[in-house]
Amino acid sequence: MLGILASIIDGVLVGLVYGLAAMGLTLIWGVMDVVNLSHGPVIVAGMFGLYLLTSALGISPYLALPPVLIGGFFAGVLLYWIAVHRMVGKPPLMSLLSTFAVNLVLVGLGTAVWGTALFNVEVSVPGVSLGRYTFPGPHIVASLMAALIAYALYFFLHHSRTGKAVRAVANNREAAELVGIPTTRVLALTVGCSLAIACVSGMLIGTLFPFTVLSGDSYLLKSFVVTVLGGFGNPLGALFAGVALGVLEGAVAPFVPISWTLVIEFGLFVLALIAFPGGLFSLRRGAL
């Protein structure tokens, strides 16, 4: 019984990181109705940003967070002008194709440079023991950092002038323009923040698990599951749904092979959508 409890607690720690990854995906949807299919490769970009910074500069993995965050933000602004700006307000298929094309370009470039070899970043953080079980230090640190960044995003959206402008654009873009909010600039900022969060979540995942250039597909799928369960356009709901997904992984891990985890996750995902079509933590459209 203690082993199951320990596995669930570890699932909560990892689930916070999953939730942070999904917050970046749901933020774009909530503000501009765009589904970002390049989200997976962006998460991988955060992983390789961590790898390059730690291997080239020899710094602590967690000191890589600021440059990864800043680099992700500017990459997001660039992505907005290249692939998203002209797709806002167009049929959803247009943005899907546009961001999917970016997905293919990023995966192709990554494969050409690094191939599909497995990479790993060594992280040395003391764990916390509970009886005969020890919770890895990197899991604890990653979950705390994910929770802190999630709170920072919530504070930004609800207590800053710019964040309130983001919420106003999400609620009614035309009305926001009428009161003088520079909506195009706000949309670019939103995509920048979204990719910054995705890159940081990838960096945190890179401190927990090995990764390859192709790892983005699995995390993109997890982010979709978390985003839908949390309610599209609800960043806080995505965080809670991420924890729920982590708890599910932790609860089933002692009983089934790891290859069955995704099957169970998607099975329960379908059942949850039947019971809660709007997601477990859905909000009024545009409420953020």
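Q: Which residues does H139 touch, not counting residues up to four places away in sequence?
A: The model is predicted: local features need pLDDT of at least 70, side-chain atom pairs count only at pLDDT 80 or more, and totals for chains, interfaces and linings use all residues. Residues are numbered from 1 along each chain as its sequence is written, and side-chain values use heavy atoms, with hydrogens and water left out. H139 sits in helix 5 (residues 137-159), where helices are DSSP runs of H or I with at least four residues, numbered from the N terminus. With contact meaning heavy atoms within 4.5 Å, and residues up to four places away in sequence set aside, H139 touches D10, L13, V14 and L208.

Q: Does H139 count as buried or exposed?
A: The label depends on relative accessible area: buried is under 20%, exposed is over 50%, and partly exposed lies in between (1.4 Å probe, protein chains only). H139 has a relative accessibility of 11%, so this residue of helix 5 counts as buried.

Q: Which residue offers its backbone oxygen to the side chain of T99?
A: T99 belongs to helix 4 and is buried, with a relative accessible area of 1%. Leaving aside neighbours within four places in sequence, T99 is in contact with V35, N36, L37 and S38. A polar contact is a pair of N or O atoms within 3.5 Å, where one must be able to donate a hydrogen and the other to accept it, and residues adjacent in sequence count only if both atoms are side-chain atoms. The side chain of T99 reaches, at 3.3 Å, the backbone oxygen of V35.

Q: What is the phi angle of D33?
A: D33 lies in the loop between helix 1 and helix 2. Its relative accessible area is 38%, so D33 is partly exposed. Although D33 is not a glycine, its phi is positive, at about 55°.

Q: How far apart in space are G233 and A112, C-alpha to C-alpha?
A: G233 is found in the loop between helix 9 (216-230) and helix 10 (235-252). This glycine is buried, with a relative accessible area of 7%. Along the sequence G233 and A112 are 121 residues apart, and in space their C-alpha separation is 35 Å.

Q: What distance separates the C-alpha atoms of L178 and S7?
A: L178 is part of helix 7 (residues 173-178) and is exposed, with a relative accessible area of 77%. L178 and S7 are 171 residues apart along the chain, and their C-alpha atoms are separated by 52 Å.

Q: Which element gives the most residues to the lining of the largest pocket?
A: A pocket is an open set of points on a 1 Å grid over the protein atoms alone, with protein on both sides within 12 Å along at least five of seven lines, and lining residues have an atom within 4 Å of a point. The largest pocket holds about 520 Å³ of space, and of its 20 lining residues the closest to the centre are Y18, K222, E249, I258 and T261. Helix 1 (2-32), helix 9, helix 10 and helix 11 (261-275) give two or more residues to that lining. With five residues, the one that gives the most is helix 1.

Q: How many charged residues are in the lining of the second largest pocket?
A: About 380 Å³ of space lies in the second largest pocket, and of its 19 lining residues the closest to the centre are P41, V42, A45, V102 and L106. Helix 4 gives the most to this lining, with six residues. Ala, Val, Leu, Ile, Met, Phe, Trp, Tyr, Cys and Pro count as nonpolar, Asp, Glu, Lys and Arg as charged, and the others, Gly among them, as polar. The lining divides into 17 nonpolar residues and two polar ones, and the number of charged residues is no more than none.

Q: Which helix gives the most to the lining of the largest cavity?
A: A cavity is a set of grid points where a 1.4 Å probe fits but cannot get out. The largest cavity has about 40 Å³ of space and is lined by L27, L153, F156, L157, V166, T190 and C193. Six of these lining residues are nonpolar and one is polar. With three residues, the most comes from helix 5.

Q: Which helix gives the most to the largest nonpolar core?
A: A nonpolar core is a set of buried Ala, Val, Leu, Ile, Met, Phe, Trp, Tyr and Cys residues joined through side-chain atoms within 4.5 Å. The largest one has 73 residues, and those with the most contacts inside it are L20, V31, M32 and L204. Giving 13 residues, the top contributor to this core is helix 8.

Notes:
Points joined across faces, edges and corners; volume = space filled by probe spheres on them.
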